[in-house]
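Student: I would like a close look at one part of this structure, the second helix. Please take me through it step by step and then place it in the rest of the chain.

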Amino acid sequence: MGNIGGIEIVGLLIVALLLFGAKRLPEIGRSLGSGMREFKDSVTGNTPSHTETTQLPVGTQDTSPTPQRENETVR
């Protein structure tokens with residue numbers, strides 16, 4: 001009863017895909033991995049010799065200004 005098999009893992013992955021979507025799952029995995037790495041380093045007392053700074057996307061919206069059409073007037 002306590003064993004987790006392949007069917008259960010596939011079921012959990014499908015539920016996670018439905019809840020979070022395909023675009024958010026890699027971001028969630030990256031944040032979980034970096035959090036676990038930081039926790040392990042703080043528990044063991046290790047400090048990384050190099051720091052990787054990766055910029056994660058803040059949002060999915062396009063914040064670039066919209067071009068105005070030629071026939072529109074600005075008021």
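Tutor: This is a predicted model, so read what follows as a description of that model. The chain has two helices and zero strands. The second of them, helix α2, covers residues 24-44.

Start with its length. Helix α2 has 21 residues, and the distance from its first C-alpha to its last is 30 Å. At 1.5 Å a residue, 30 Å is also the expected figure.

Now take the beginning of the helix. Arg24 forms a salt bridge with Glu27, and their closest N and O atoms are 3.9 Å apart. The cut-off for such a pair is 4 Å, and by this rule the count comes to one salt bridge. The two residues are three residues apart in helix α2, which means that about one helical turn separates them. An α-helix has 3.6 residues a turn, so residues three or four places apart point the same way. As for exposure, Arg24 has 44% relative accessibility and therefore counts as partly exposed. Glu27 has a relative accessible area of 23%, so Glu27 is partly exposed too. The lower limit for that class is 20%.

Next, go to the other end. Thr44 lies in helix α2, and a polar atom of its side chain is 2.9 Å from the backbone oxygen of Lys40. Thr44 counts as partly exposed because its relative accessibility is 47%. Just after α2 comes Gly45, with a positive phi of about 85°.

Helix α1 can be read in a similar way. Helix α1 takes in residues 6-20, and its end C-alpha atoms are 21 Å apart; that agrees with the expected span, because 15 residues at 1.5 Å a residue should span 21 Å. Just after α1, Gly21 has a positive phi of about 90°.

There is also a nonpolar patch to find on the surface. Ile4, Ile9 and Leu13 make this patch, which has an area of about 320 Å². Ile4 is in the segment before α1, and with 63% relative accessibility Ile4 counts as exposed.

Last, consider the chain as a whole. Of its 75 residues, 3% count as buried. The chain exposes about 7700 Å², and carbon and sulfur atoms supply 59% of that area.

Notes
Residues numbered from 1 in each chain as written. Predicted model: local features only at pLDDT ≥ 70, side-chain atom pairs only at ≥ 80, totals over all residues. Heavy atoms only, no water. Helix = DSSP H or I, 4+ residues; strand = E, 2+ residues; numbered from the N terminus. Expected span 1.5 Å × (residues − 1). Buried < 20%, exposed > 50% of the residue type's maximum accessible area, 1.4 Å probe, protein only. Areas by Shrake-Rupley, 256 points an atom, 1.4 Å probe, with all protein chains shown as cover. Patch = residues over 30% accessible without salt bridge, like charges linked within 9 Å, V, L, I, M, F, W, Y side chains within 5 Å. Salt bridge = Lys/Arg side-chain N within 4 Å of Asp/Glu carboxyl O. Polar contact = N/O pair within 3.5 Å; in protein donor to acceptor, adjacent residues only side chain to side chain.
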